[in-house]
Amino acid sequence: LMTLPNMLDGWMGRLLTLKGTFAKIGRTIRKMLPNQGDSSEEDMIEELHSAKDRIRTAREAITDPERSHFMLVTIPEAMSVLETQRTIEQLHKHGIPIAAIFANQVQPSSKSCHYCQKRHEIHQRELERIRTDLVGQSSADESAAATTPIPLVEVTSLPEVIRGPEALAQLGQRIALPY
């Protein structure tokens with residue numbers, strides 16, 4: 001998904017450079033199939049240029065930290081943390097700003113449940129790994145803000161399902177970032 005704008009931009013550029021070949025093919029087809037479609041070679045070229053402009057605009061929007069940013073959600077489990085690390089690397093590679101990492105379903109400590117306490121310890125190790133390896137990375141933005149680490153927001157696992165606007169609003173208040 002992150003490479004799609006660059007890939008499409010490249011394809012559109014190649015298509016535009018091949019427009020002469022397409023024009024010849026189009027004329028040949030139109031001769032073979034008279035009255036098939038009213039679109040002209042100029043319409044096709046205009047559509048290609050328009051698509052190329054839309055792709056460029058989309059790429060500019062997702063790489064502009066004033067207009068958009070990504071907030072990654074992970075769980076404090078080894079495979080999820082690795083996937084989050086790969087995602088951060090890809091976002092950085094494409095110049096896409098990251099606003100925060102949310103560690104969801106963090107197991108709280110428990111003195112009465114041995115299993116729960118063991119899961120808590122695993123989660124604490126993975127959270128430390130996130131703090132050490134991931135949030136220390138700065139945003140992809142090359143400005144002065146690039147030295148600001150990515151915030152980590154821990155979201156404790158709850159004993160109930162969060163469902164409906166009211167429950168979501170309450171969760172939102174608990175995890176809101178200070179913007």
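## A surface loop and its nonpolar patch

I162 lies in the loop between strand β3 and helix α6 (165-175); helices (H or I, at least four residues) and strands (E, at least two) are DSSP runs, numbered from the N terminus. The model is predicted: local features need pLDDT of at least 70 and side-chain atom pairs count only at pLDDT 80 or more, whereas totals for chains, interfaces and linings use all residues. Residues are numbered from 1 along each chain as its sequence is written, and side-chain values use heavy atoms, with hydrogens and water left out.

With a relative accessible area of 34%, I162 is partly exposed. Here buried means under 20% relative accessible area, exposed means over 50%, and partly exposed covers the range in between (1.4 Å probe, protein chains only). Together with L158 and L168, I162 makes a nonpolar surface patch of about 230 Å². Patches are made of residues with over 30% relative accessible area and no salt bridge; like charges are joined within 9 Å, and nonpolar side chains (Val, Leu, Ile, Met, Phe, Trp, Tyr) within 5 Å. The accessible areas come from the Shrake-Rupley method with a 1.4 Å probe, and for residues only the protein chains shown count as cover.

## Overall architecture

The secondary structure of the chain comprises six helices and three strands. Read from the N terminus, the order of elements is α-α-α-β-α-β-α-β-α. The chain has 179 residues, of which 26% count as buried.

## The strands and the crossover

Strand β2 (residues 98-106) has two parallel partners. Strand β1 (residues 70-74) pairs with β2 in the parallel sense over five bridges, and four bridges join β2 to strand β3 (residues 152-156), also in a parallel arrangement. Two strands are taken to pair if DSSP finds at least two bridges between them. Individual contacts give the register: F102 in β2 is the bridge partner of V73, and V106 stands opposite T156 in β3.

Strand β2 is mostly covered, with seven of its nine residues buried. The connection from β1 to β2 passes through helix α4 (residues 78-93), and the three elements make a right-handed β-α-β unit. A crossover is right-handed if, with the strands pointing away from the viewer, the path from the first strand over the helix to the second runs clockwise.

## Nonpolar cores

In soluble globular proteins, nonpolar side chains tend to be buried together. The largest nonpolar core in this model has 14 residues, and those with the most contacts inside it are I88, I98, I101, I130 and L134. The elements that contribute two or more residues to this core are α4, β2 and α5 (114-134). Its largest share, four residues, comes from β2. A second, separate core of seven residues includes A100, V155, L171 and I175. A nonpolar core is a set of buried Ala, Val, Leu, Ile, Met, Phe, Trp, Tyr and Cys residues joined through side-chain atoms within 4.5 Å.

## Salt bridges in helix α5

Side chains of opposite charge can pair when their charged atoms come close. A salt bridge is defined as a side-chain nitrogen of Lys or Arg within 4 Å of a carboxyl oxygen of Asp or Glu, and a search of the whole structure finds eight of them.

In helix α5, R129 forms a salt bridge with E126, with the closest N and O atoms 2.6 Å apart. These two residues are three apart in the helix, about one turn. R129 is partly exposed at a relative accessible area of 23%, whereas E126, at 11%, counts as buried. In the same helix, R131 and E128 likewise lie three residues apart, about one turn, and their side chains meet in a salt bridge (3.4 Å, N to O). R131 is partly exposed at 33%, as is E128 at 43%.

## The network in helix α3

Salt bridges that share partners join D53, R56 and E60 into one network. Within this network, R56 forms a salt bridge with D53, the closest N and O atoms being 3.7 Å apart. R56 and D53 are three residues apart in helix α3 and so are separated by about one helical turn. R56 counts as partly exposed at 35% relative accessibility, and D53 does so at 39%.

E60 is placed in helix α3 (residues 41-63) and is partly exposed, with a relative accessible area of 38%. E60 and G95 are 35 residues apart in sequence, while their C-alpha atoms are 9.9 Å apart in space.
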